[in-house]
Amino acid sequence: MTIYPMPRASTFGIIGKFAVAIVAVVVIQGILSFKFTLFGFFDLPLIFSVFYGFTLGNPVASIVIGSSLGLMQDSLSGAVLGANGLSKTIIGFFAATAVAKFAVDQPVTRIFALFLFTIGDGLLVTILGLMVGPASGATYSGALSGWGLSAMFNALLGLVLFAYHDWWNATT
Amino acid sequence: MSRIVAASKKPTWIALGIALALQTGLISLQARRRIDTSFVRVWILDSLAPMEKLVDRSTYSLGYLWKGYVALIGIHDENERLSHQVDELQMQLQRNREDLVELQRLRAMLSLSSSDTGKTVVARVIGRDPARSQTVTIDKGTTHGLRPDSAVITPAGIVGRVIHSSNFFSIVQLIVDSQSAVGVLLQSTRRQGIVRGTGGRELDLDYIDDDNDLKAGDTFLSSGLDRIYPKGLPVGVITSVGPRRGLLKTVQVRPSVDLGRLEEVICIIEHTENIDVADPAQGASSP
């Protein structure tokens with residue numbers, strides 16, 4: 001396998017860009033969810049975990065990015081600290097490893113992946129939340145329809161973002 | 001973006017192991033409650049919330065400028081209309097002042113002392129939960145006197161309670177959150193009960209002394225028995241009373257506050273035991 005050596009300054013630059021992007025994603029998610037109720041169904045940190053996994057194809061970087069996005073998402077919410085962190089870590093890892101096995105540049109693959117990852121994320125975060133503090137009043141039929149809607153919205157938004165990324169790569 | 005190809009799979013498994021161990025460790029510490037992990041949340045909240053506030057302020061300022069520009073069209077006509085409205089409102093205000101004097105006199109006669117919510121601080125909502133549970137972020141924290149379980153209200157009623165506080169920001173759990181419950185009393189009959197969040201837009205009645213006389217349109221006030229919310233604040237209005245499920249009828253309650261349109265909220269730092277702003281029946285029966 002090939003290793004592309006990078007100068008030190010460039011490495012710091014790339015890490016800095018990723019850090020800014022990660023913070024921006026979580027902040028934008030918080031602001032937009034507050035301004036537009038509908039945006040609560042989108043999960044930008046999840047979409048970007050998958051996006052970076054697919055586009056970088058580097059499992060280590062995707063694990064770090066997914067882990068950071070999830071942990072920040074947990075901190076800005078009342079959720080169990082680490083629940084989204086764990087979920088997004090796994091999603092980042094699977095997305096990056098999927099690059100070698102599936103044609104992730106195909107829209108169908110992307111839609112399918114985002115849909116499944118959203119459902120999996122909802123399940124895992126809910127189970128972890130229940131393990132730490134059981135929500136006796138939770139309605140699971142409502143949660144399931146919520147995940148379904150969220151999965152559809154995430155798949156659509158993800159598709160647009162991926163298409164934009166492809167277009168950007170083609171023009172530059 | 002160019003793909004970076006890993007030289008070996010070993011670092012991947014090490015990175016995955018470390019990340020999973022860290023996150024699982026955090027969850028485990030919260031489950032066992034042996035070590036306080038809130039410092040992690042406080043640190044990240046203090047780092048991210050100022051950016052949320054900055055973006056919120058910028059969008060607010062842009063919106064304000066835009067509204068100011070659009071409002072200039074037809075401003076003269078609107079000014080005249082408003083002048084008439086001000087005259088009418090001043091007359092109405094004068095009448096209300098007289099009513100207030102009369103009300104105070106009647107209260108004094110009934111030996112009811114006017115009470116208030118206690119020590120409060122006004123906060124601005126700067127963000128909503130990015131993880132789909134029902135919480136909002138406000139721009140006041142422990143420096144302003146807030147702490148976990150501080151009640152958060154608006155003039156329309158109860159909003160929720162503070163669950164996490166950093167120095168300058170707090171996370172408020174809304175009453176519709178599935179983990180939230182509020183001690184209530186029915187305004188008309190004074191029966192006590194508990195309403196619980198569903199995770200959706202409404203609340204469910206979890207318990208009440210007697211549910212035979214419940215009907216749509218009845219108002220629930222806070223009972224104060226949960227030691228978080230002061231007594232007498234509006235909690236919600238019954239929207240539907242369904243068939244019995246177990247011991248109780250299925251009762252859905254719409255929150256008094258429109259939780260989707262929160263902008264500014266009042267946080268109660270120290271509350272008096274009893275507000276009873278909407279408790280004329282009890283007041284009349286007091287000695």
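Which pattern does chain A follow when read along the sequence? In this predicted model, the pattern of chain A is α-α-α-α-α-α. Chain A therefore holds six helices and zero strands, with helices and strands taken as DSSP runs. Of its 172 residues, 48% count as buried. Among the contacts in chain A between residues at least 6 apart in sequence, 69% join residues at least 24 apart.

Confidence varies along this chain. The mean pLDDT of chain A is 83, and 87% of its residues reach 70 or more. Among the elements of chain A, helix α4 (residues 83-101) has the highest mean pLDDT, 91, while helix α6 (residues 140-171) has the lowest, 81. Over residues 135-139 of chain A the pLDDT is below 50, although in the model this stretch has 14 contacts beyond near neighbours in sequence.

Helix α5 of chain A covers residues 107-132 and has 26 residues. From its first C-alpha to its last it reaches 37 Å, close to the 38 Å expected at 1.5 Å a residue. The buried residues of α5(A) include A:R110, A:A113, A:L114, A:F117 and A:T118, and further along the helix A:D121, A:G122, A:V125, A:L128 and A:G129 are buried too. An α-helix has 3.6 residues a turn, so residues three or four places apart point the same way. The buried list contains charged residues, A:R110 and A:D121, alongside nonpolar ones such as A:L114 and A:F117.

Chain B brings strands into the picture. Strand β7 (residues 192-197) and strand β8 (residues 203-208) of chain B pair in the antiparallel sense over five bridges. One of the residue pairs is B:V195 with its bridge partner B:L205 in β8(B). The two strands form a hairpin with five residues between them, and B:G199 in the turn has a positive phi of about 90 degrees. On β8(B) there is also a pairing with strand β11 (residues 248-255) of chain B: two bridges join these strands, which run antiparallel. Here B:D204 stands opposite B:Q252 in β11(B).

The last topic is the interface. There, 51 residues of chain B are in contact with 50 residues of chain A. On the chain B side, α1 (10-32), α2 (38-71), β1 (119-128), β2 (135-138), β5 (170-174) and β7 each supply at least two residues. The largest share, 12 residues, comes from α1(B). The residues of the side of chain B that touches chain A divide into 25 nonpolar, 17 polar and nine charged.

Methods: Residues numbered from 1 in each chain as written. Chains lettered and ligands numbered in written order. Predicted model: local features only at pLDDT ≥ 70, side-chain atom pairs only at ≥ 80, totals over all residues. Helix = DSSP H or I, 4+ residues; strand = E, 2+ residues; numbered from the N terminus. Expected span 1.5 Å × (residues − 1). Buried ≥ 20, exposed ≤ 12 C-beta atoms within 10 Å, placed from the backbone. Pairing = 2+ DSSP bridges. Contact = placed C-beta atoms within 7 Å. pLDDT = per-residue confidence, 0-100.
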